[in-house]
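This report describes how the parts of one model meet. Please keep the sequence and the structure in view while reading.

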2 protein chains.
Amino acid sequence: MFTFDQLAGFIAVAEELHFGRAAERLNMTQPPLSRQIQKLEKIVGAELLERDNRKVELTHAGQTFLEEARRLMALAERAPVTARRIASGRSGMLRIGFTAASGFSILGPLLEELSQIIPDVDVDLQELVTGEQLNGLLTGELDLGLARPPFDKETFDSHLLYRESMVLAVPSGHPLTLLARDISPEDFKEEPLIMHSATQARYFYDLVVRTLPFSHANVVHTVSQILTMVSLVAAKRGVAFVPHSATLLGIKGVEFLPLAGGDGEQVELHAIWNRRITNPALERLLRDLEFAME
Amino acid sequence: MFTFDQLAGFIAVAEELHFGRAAERLNMTQPPLSRQIQKLEKIVGAELLERDNRKVELTHAGQTFLEEARRLMALAERAPVTARRIASGRSGMLRIGFTAASGFSILGPLLEELSQIIPDVDVDLQELVTGEQLNGLLTGELDLGLARPPFDKETFDSHLLYRESMVLAVPSGHPLTLLARDISPEDFKEEPLIMHSATQARYFYDLVVRTLPFSHANVVHTVSQILTMVSLVAAKRGVAFVPHSATLLGIKGVEFLPLAGGDGEQVELHAIWNRRITNPALERLLRDLEFAME
DNA sequence: AAACATGATGCCTTCCAGGTATCAAATGAT
DNA sequence: ATCATTTGATACCTGGAAGGCATCATGTTT
């Protein structure tokens, strides 16, 4: 195999059509350059330059080999640059998982911010429930998750992105909309309830069970996605507890009523990542976002 | 700049994920391979492989650098093959000039033959009068010409491709078409004549002047292209001497009558090339066609 | 705890690339 | 015609780099 030095030598001679000047350009003397070209021609197996004692000319084979040589040199010069960009996190690919509910609120601004901080990084988005995200982070299929607790603090590091209160979604025209005050547990104890799945939407389920007194007897549906929930409310199947950002969905036929109390029923969205970071783009992102990395 | 050996070493390690096995594959021992990779990483300016004492893994930068390295190696392996193909004339580009008249007869079969002998050679065709072809052959803008004498036998070598007789083109229904014998000079001494240009179509002009007695007083048009000539005949502007292959033009309203005599009025088409051949594709073509190369 | 696996390091030798001096051949000037 | 000039090729030498062998360092397995 030939060497890059030989290629550079050939390109210089092909451009100067003069061994002496080419050698000067390469900061070397003429004799080794002559030998370089001879060796290259031997390796390539074809005469590339036609030279008599007065002038140097490219052969036809030399003309096309010159193109290939230039392409090789360009590629060889670009490759380390690309590698360094990726190592520094300025380029590459970031795979982000998000829960459907996080899409309403934080995803848009976050992507906007990403394109400012790491503009050359491709972002791959996947809608996944929290459990699947954690799994992806473990296997390395995911770099960053936008999900809700609980998760293993040993394995994962996180940053609280967003905290919002729960509201009660009711069909338009429902009697409760006439109340001029926040909703209390008393108000919905008779209402048919659309509830979160205990397995698929464990975070919401746990939160509601923990902070809002309600009767399981009232539960008429069990679903895992906020969007489904709000749609069912619009269809007058019952009322539901949803995060405040669900108001952004813009579904007609639903109204959202504040809940009295105010503290315990707050839901959190975290950015979560594996403490064993291998993706330089993620590293750079976290550094630039100044997330605490305890 | 890194070397191809370093790239090959990196590719082997990246594929085996094991220095020992990679070294074996490369027919070398493990220590120099380790150093090779270290040097490559230093040159590239990024960690490409993450290695502890138990396993080897590609970093993100390493993954993309691996692709670039493979591309480089593939390109480097292909380049000499292409160069050799061109040097041997099995590939490349052949620029052929032809006169309009030669296009009727020989060009089709010749191109057919070219695609058999040198299938990977691109053929660039240009319609040029003989003088322009000779000029192109001198400057190297043309590799082969299909033209008519005269030309300098010192500079150019040639091969007679085709010899055909001249015929008289007359409008359909012309009285001469009723003759049951070949045409003699007597027959057209009163006919209006469409003549070849003395400068632009010197070969035909000289030939006609030399071999066919006619009166300049009868000349009604002077043109340089056979096609124009035949079209004017069809428009009943007169009669014209054209090579036999003009019958292949398929222009309606024209008939072609044989001329008595038979020998002197033959026209020749030659393949002509510069004796200083630089294009390997031409060299190969001539060899394979078994043209005499005195 | 001992044996094993695996990548890194130290040291030696060989080989190759580059430098200097010079040659060979063709051109051009006196 | 001869001599100086130009320019690529060759001869010979030297320094550095790459590869091999032996060994180390460290983590895993039995």
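What rotation and what shift along its axis superpose chain B on chain A? In this predicted model, a rotation of 179° with 0.0 Å of shift along the axis brings chain B onto chain A, with an RMSD of 0.2 Å. The two copies are thus related as by a two-fold rotation axis.

**The interface between the chains**

Contact between the copies involves 29 residues of chain B and 29 residues of chain A. Of the interface residues of chain B, 97% are also interface residues in chain A, so the copies meet through the same surface. About 2,600 Å² is buried between chain B and chain A, and carbon and sulfur atoms give 76% of this area. Three residues, B:Phe4, B:His60 and B:Leu75, supply 23% of the area that chain B buries against chain A, more than any other three residues.

As to specific pairings, the rule finds 0 salt bridges across the interface of chain B and chain A. Polar contacts across this interface amount to 3 residue pairs, with both residues at pLDDT 80 or more. On the side of chain B that touches chain A, the elements that give two or more residues are helix H1 (4-16), H3 and helix H4 (60-87) of chain B. H4(B) gives the most to this side, with 17 residues. By residue class, the side of chain B that touches chain A divides into 18 nonpolar, 6 polar and 5 charged residues.

**The surface near DNA strand C**

Which residues are the closest to DNA strand C? They are A:Lys39, A:Asn53, B:Gln30, B:Ser34 and B:Arg51, among the 21 residues that surround the strand. Of the atoms of DNA strand C that come within 4 Å of the protein, sugar and phosphate account for 64%.

Distances from polar side-chain atoms to phosphate oxygens of DNA strand C are listed below.

| Residue | Distance to a phosphate oxygen of DNA strand C |
|---|---|
| A:Thr29 | 2.9 Å |
| A:Gln36 | 3.5 Å |
| B:Arg51 | 2.8 Å |

The elements that give two or more residues to the surface near DNA strand C are helix H3 (30-44) of chain A, along with helix H2 (19-25) and helix H3 (30-44) of chain B. The residues of the surface near DNA strand C comprise 6 nonpolar, 9 polar and 6 charged. H3 of chain B thus appears on the surface near DNA strand C and on the side of chain B that touches chain A.

Key
Residues numbered from 1 in each chain as written. Chains lettered and ligands numbered in written order. Predicted model: local features only at pLDDT ≥ 70, side-chain atom pairs only at ≥ 80, totals over all residues. Heavy atoms only, no water. Near = heavy atom within 4 Å. Polar contact = N/O pair within 3.5 Å; in protein donor to acceptor, adjacent residues only side chain to side chain. Helix = DSSP H or I, 4+ residues; strand = E, 2+ residues; numbered from the N terminus. Nonpolar A, V, L, I, M, F, W, Y, C, P; charged D, E, K, R; others polar. Least-squares fit on C-alpha atoms with pLDDT ≥ 70 in both. Contact = heavy atoms within 4.5 Å. Buried area = accessible area lost by both parts, 1.4 Å probe. Salt bridge = Lys/Arg side-chain N within 4 Å of Asp/Glu carboxyl O.
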